[in-house]
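Here are my notes on this structure, set out as numbered points. They are meant for someone who has not looked at the model before.

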Amino acid sequence: MADAHARKYTRAQKGLTMFQRLRENKSAQGTLLAFPTLVWMMVLLIIPLLLTLVISFGRRTADGGVIFSFSLDNYIRLLGYSTKCDSGAASCFDPLYVQILWRSLTLAFNTTVLVILLAYPLAYFIARAHPKKRNTYLFLVLIPLWTNFVIRVYAWIMLLRKAGAINLVIGWLANLFHIQFTPLEMLYTPGAVLVGMVYEFLPFMILPIYTSLEKIDNSLYEAAADLGANSVKTFRRVTLPLSMPGVVAGTILVFIPVMGTFIVSDILGGRQVILVGNLIQRQFLDARDPTFGSAASLILMVLTLIVTYFYTRKFGFGEEIVVA
Amino acid sequence: MNPYRRSPLVMVSTILVYFFLYAPIVVLMLYSFNSSKANVTFDGFIPSFGNVRVEGGNIVQSPCGPFHWFCELSKNREVTNAARNTLTIAFIATIVSTVIGTMAALALQRYNFRLKAFSQLSLYIPIVIPEIVMGIGILILFSQLFAYLNNLFGLTGDSRLSLGLNTVIVSHIAFMIPFVTLVVQARLQGFDKAYEEAAMDLGANEWITFRRITLPMILPGVLSGALLAFTLSLDDFVITFFTNGPGSTTLPIYVYGLLRRIITPQVNALSTVWITIVFIAVLLLQRFQNREA
């Protein structure tokens with residue numbers, strides 16, 4: 001009885017000393033606080049990425065399953081070489097997948113450039129507006145951003161269709177001036193996908209550019225004016241360099257998602273415009289070849305990481321990402 | 001010199017960009033009152049109230065008048081289910097990710113521990129890789145894991161582990177944590193430790209110091225992190241697309257499914273409701289923040 005009591009006492013004491021030790025040990029406290037996040041990121045980010053890597057070397061079974069092995073077939077197929085035909089045959093090389101990758105890269109590049117051109121003046125306008133009005137203008141940028149992504153793509157169907165709003169307006173104008181007009185087929189074209197992408201990601205560029213422009217002290221503009229710089233020179237020597245962190249952050253926030261998005265091309269491009277995202281998605285749903293999909297997904301990741309790495313090494317990693 | 005002077009070029013392009021941002025939304029909302037059932041062109045508003053009457057593909061009379069499609073929407077069980085799923089996922093995932101994300105932010109900002117650099121790096125990964133890469137990674141994880149477990153325990157039929165609401169919630173938490181942590185970390189950077197030291201000197205223990213000093217001071221950061229996480233969850237398509245299963249359809253997934261088949265004014269009505277709710281929510285929030293400042 002007394003023995004049990006004593007054991008209980010020492011156990012309690014041990015618990016107490018453990019607690020005290022934890023109070024002293026800053027490192028253990030930090031680990032404990034970060035522990036749930038660490039576990040979550042391990043299980044749902046790091047392990048999935050490693051699994052993707054492992055599976056990309058595997059082979060598919062007829063019913064869409066995976067046989068673990070080490071073969072580079074999927075990567076060879078991505079590069080356009082078939083593994084099934086004899087060497088030397090002309091039809092063995094099919095650049096389809098390389099074209100898809102290239103198309104995604106150029107689309108992401110074009111979207112980013114267009115978005116910068118559209119976002120910059122608006123961000124500048126808001127940053128130079130009266131402080132009391134800035135929030136309202138920003139609020140107007142946030143509303144479309146908070147409207148659902150899928151709904152925003154859908155809106156463009158209503159505009160771009162043959163009987164859509166844009167053709168309706170042009171037709172009405174043409175009628176007014178007695179010009180012959182046949183409705184344009186704009187939906188399901190590469191142009192429709194580009195417009196959709198620009199529309200989707202424009203707010204992601206406006207916010208970081210605004211953040212960096214807003215930080216510029218007014219006295220810098222005054223100094224530039226006092227020293228005789230005209231507005232072009234002031235922009236080139238003062239405004240633009242100081243707003244670069246915002247442009248860099250915005251570029252990362254736009255370029256990376258455009259590379260991977262498949263909804264915009266799916267809905268606005270029909271079956272005409274196939275991007276890497278569509279390729280990956282189809283391997284997992286229609287084609288049932290997760291091993292090839294995994295390889296494509298890894299190539300996509302590596303491609304974006306390389307572009308981001310070189311881009312940020314040249315321009316620095318904008319801290320505006322967090323602010324936006 | 002007027003510091004708020006802007007060139008006419010800036011003004012013109014600003015107006016054009018705002019027009020570009022809003023024209024699609026306005027058209028989208030207008031079509032939700034369309035009397036045309038096919039929804040190809042806008043055939044005007046539904047003119048009168050009464051029992052539903054259709055003439056030449058156009059609805060000329062409805063119990064709800066011009067709001068016909070909104071009434072239809074409220075009767076649509078798939079939509080109400082999807083809305084309930086969307087909100088359930090967003091609420092649970094926001095609460096969990098805010099709590100553990102804030103803990104991680106405190107750990108990363110205040111403490112030194114062995115896996116600190118690794119933790120910080122893992123939080124940046126979801127931001128610098130396309131969402132689809134993470135989405136299919138999680139899909140592979142769940143499908144391999146579930147196949148293994150189902151096989152191991154001989155689970156069949158309804159007891160089989162499969163994708164559903166739980167997998168969506170767990171995955172949402174995973175992509176929300178980095179955003180919460182980074183926002184709270186930014187807030188903690190400007191935090192003066194003297195307040196906490198003063199509290200401890202006055203005899204408060206760690207818990208009381210945290211509850212009475214630290215938490216109130218970082219609360220705006222925590223709340224804006226939570227808000228960001230909540231909106232990301234509501235908006236998410238890609239991660240949900242790869243992790244949802246039968247019965248766990250969310251609104252974005254439902255709309256996407258519809259778009260690939262038919263385009264009815266019901267989708268427009270749904271969009272109009274969504275945009276209106278968002279507009280009111282952001283407006284209220286704006287008011288609230290202005291009062292705080």
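1. B:Phe49 sits in strand E1 of chain B. The model is a predicted one, and the remarks below should be read as remarks on a prediction. B:Phe49 is partly exposed because it has 13 C-beta neighbours inside 10 Å, and a residue needs 20 or more to count as buried, while 12 or fewer would make it exposed. Apart from residues up to four places away in sequence, B:Phe49 touches B:Pro63 and B:Gly65. B:Ile277 lies 228 residues from B:Phe49 along the chain, and the C-alpha atoms of the two are separated by 26 Å.

2. The strand that holds B:Phe49 belongs to an open sheet of three strands in chain B, with the order E1-E3-E2 and mixed pairing. Strand E1 (48–49) and strand E2 (53–55) of chain B are the edge strands, each pairing on one side only. E1(B) runs parallel to E3(B), and two bridges join them. In this part of the sheet, B:Ser48 stands opposite B:Gln61 of E3(B).

3. On the other side of the pairing, E2(B) meets strand E3 (residues 58–62) of chain B in the antiparallel sense, over three bridges. Two of the residue pairs can be named here: B:Val54 has B:Ile59 in E3(B) as its bridge partner, and B:Glu55 has B:Asn58 in E3(B). E2(B) and E3(B) make a hairpin with two residues between them. In the turn, B:Gly56 has a positive phi of about 55°.

4. Is B:Val54 buried or exposed? This residue of strand E2 of chain B is exposed, because 12 other C-beta atoms lie within 10 Å of its own and a count of 12 or fewer is classed as exposed. B:Val54 is 154 residues from B:Ile208 in sequence, and their C-alpha atoms are 68 Å apart in space.

5. The domain assignment splits chain B into domain 1 (8–69) and domain 2 (76–261). The C-alpha centres of these two domains of chain B lie 37 Å apart. Chain A is also divided, into domain 1 (1–56) and domain 2 (95–323). For domain 1 and domain 2 of chain A, the distance between the centres, taken over C-alpha atoms, is 44 Å.

6. How many residues of domain 1 of chain A are in contact with domain 2 of chain A? Four residues of domain 1 are in contact with six residues of domain 2. The side of domain 1 of chain A that touches domain 2 of chain A has two nonpolar, two polar and no charged residues.

7. The secondary structure of chain A comes to 14 helices and two strands. Of its 324 residues, 43% count as buried. Among the contacts in chain A between residues at least 6 apart in sequence, 68% join residues at least 24 apart.

8. The largest nonpolar core has 143 residues, and the members that touch the most others are A:Ala119, A:Ala123, A:Trp156, A:Leu202 and A:Ile206. Helix H8 (residues 190–214) of chain A gives the largest share of this core, 16 residues. A:Ala123 is in contact with A:Ile206, A:Ile209, A:Tyr210 and A:Leu213, leaving aside neighbours within four places in sequence.

9. Between the chains, 74 residues of chain B are in contact with 76 residues of chain A. Several helices of chain B each supply at least two residues of the side that touches chain A, among them helix H1 (8–30), helix H3 (77–110), helix H6 (165–189) and helix H8 (206–235). The largest share, eleven residues, comes from H5(B). By class, the side of chain B that touches chain A has 55 nonpolar, 15 polar and four charged residues.

10. A last point concerns confidence. Chain A has a mean pLDDT of 85, and 89% of its residues reach 70 or more. Within chain A, confidence is highest in helix H4 (residues 96–127), at a mean of 94. Confidence is lowest in helix H14 (residues 320–323) of chain A, at a mean of 49.

Note on methods
Residues numbered from 1 in each chain as written. Chains lettered and ligands numbered in written order. Predicted model: local features only at pLDDT ≥ 70, side-chain atom pairs only at ≥ 80, totals over all residues. pLDDT = per-residue confidence, 0-100. Helix = DSSP H or I, 4+ residues; strand = E, 2+ residues; numbered from the N terminus. Contact = placed C-beta atoms within 7 Å. Nonpolar A, V, L, I, M, F, W, Y, C, P; charged D, E, K, R; others polar. Domains from an automatic or database assignment. Pairing = 2+ DSSP bridges. Core = buried A, V, L, I, M, F, W, Y, C linked by C-beta atoms within 7 Å.
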